[in-house]
Amino acid sequence: MDSLAPNDSQKHEAAPIGKRRGLRRFVLPWLLILVALAALTIVATGNMRVSTGPASGEGCLGTLPTLSPDKATFRIGTLNMHGGVGEDDVYNLRRTIEAIRDTDFCALNEVRGRLTGDPRNQAQELAEATNHAWLYLPSERRFWHDDFGNGLITRLPVEEWVRTPLPTEPQHGGLRNATVVRVAFGSQIVQFLLTHIDRSRDQSNQLRMITRLYDSLAEPSVLLGDLNADSNNPDVRALLARPGVHDCIAEATGNARDRIDWILARGLKARGGGIIKNGASDHPMYWVDLAPNP
């Protein structure tokens, strides 16, 4: 009977096994909690909108087509493309391509970069589909990539560009910028100012900064983009009242009100224009043919 009782060595071997099992039962839940907290921290950090800050460069990306040297007018467009999502809430970049195809220079708002899949941003994708060169001008980064902002497609040579963040109140989620682009426009250099203005509390400060920027540009110059304000806005009225400023869309189409997308020019004249509503976005696409003032 005595042989059936555990000896001292067996007692010492059994105790550590029990302790290890108890340790695993204690440690494993805490490891899972730490992993979950780390994952949540990564997601929360990546989801934060961060300003891309100022930037500048020379030229544009892609291949410029050859234009006729005696081309008298140039087609300028602006479109808030809503990331390629149309009025029907369906993503379909083909409609955006058709809307902007015939422009020589088109400002784009709400342009998206991509975190996965196709490595091209939407400005590049649109340019390659329409025989344009391009620039992507993001205003914010999320999940460690250039996520959202403005862009342009062009058949006109870009000499240089300067991107500037617009003022934003602390803790405000929307980040916006403005870019001055020097473009060869026939025998002239035209300075384009592209922007997308906030619709809420940052709007007035941003519009006033845009007005100062536009005032600083030598003629000929063009301001285009989504100002998120119509002609009833006092800052827009002040902008329109600047000497020599032409509301090109109004002059070309007669649509002077109930519009938040703008093409304003100094030292240039609208020779025609139009509005494209093909459901590509929650905004129409506006275009004008510009020529130097006689």
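Which residue of strand 14 does Ile275 stand opposite? In this predicted model, the residue of strand 14 that faces Ile275 is Tyr286. Tyr286 is also the bridge partner of Thr78, and the sheet to which these pairings belong is described below.

The sheet is open and comprises 7 strands in the order 1-5-6-4-3-14-13, with mixed pairing. Strand 1 (50-51) and strand 13 (268-276) form its edges. Each of these two strands has a single partner strand, so one side of each lacks a neighbour in the sheet.

Strand 14 (residues 285-292) stands between strand 3 and strand 13 in the strand order. The pairing of strand 14 with strand 13 is antiparallel and extends over 8 bridges. Strand 14 also runs antiparallel to strand 3 (residues 74-80), to which it is joined by 5 bridges. Of the 8 residues of strand 14, 7 are buried, and the strand is therefore largely enclosed by the rest of the structure. In a regular strand, side chains alternate between the two faces of the sheet.

Elsewhere in the sheet, strand 5 (residues 133-142) and strand 6 (residues 145-154) run antiparallel and are joined by 9 bridges. Within this pair, Trp134 has Ile153 of strand 6 as its bridge partner. Helix 3 (residues 122-130) lies across strand 5 and strand 6, and also across strand 4 (105-112). The angle at which helix 3 runs to strand 5 is about 165°.

Methods
Residues are numbered from 1 along each chain as its sequence is written. This is a predicted model: local features need pLDDT of at least 70, side-chain atom pairs count only at pLDDT 80 or more; totals for chains, interfaces and linings use all residues. Side-chain values use heavy atoms; hydrogens and water are left out. Two strands pair if DSSP finds at least two bridges between them. Helices (H or I, at least four residues) and strands (E, at least two) are DSSP runs, numbered from the N terminus. Contact means heavy atoms within 4.5 Å. Axes are lines fitted to C-alpha atoms, for helices over the stretch in contact, and angles run from 0 to 180 degrees between N-to-C directions. Buried means under 20% relative accessible area, exposed over 50%, partly exposed in between (1.4 Å probe, protein chains only).
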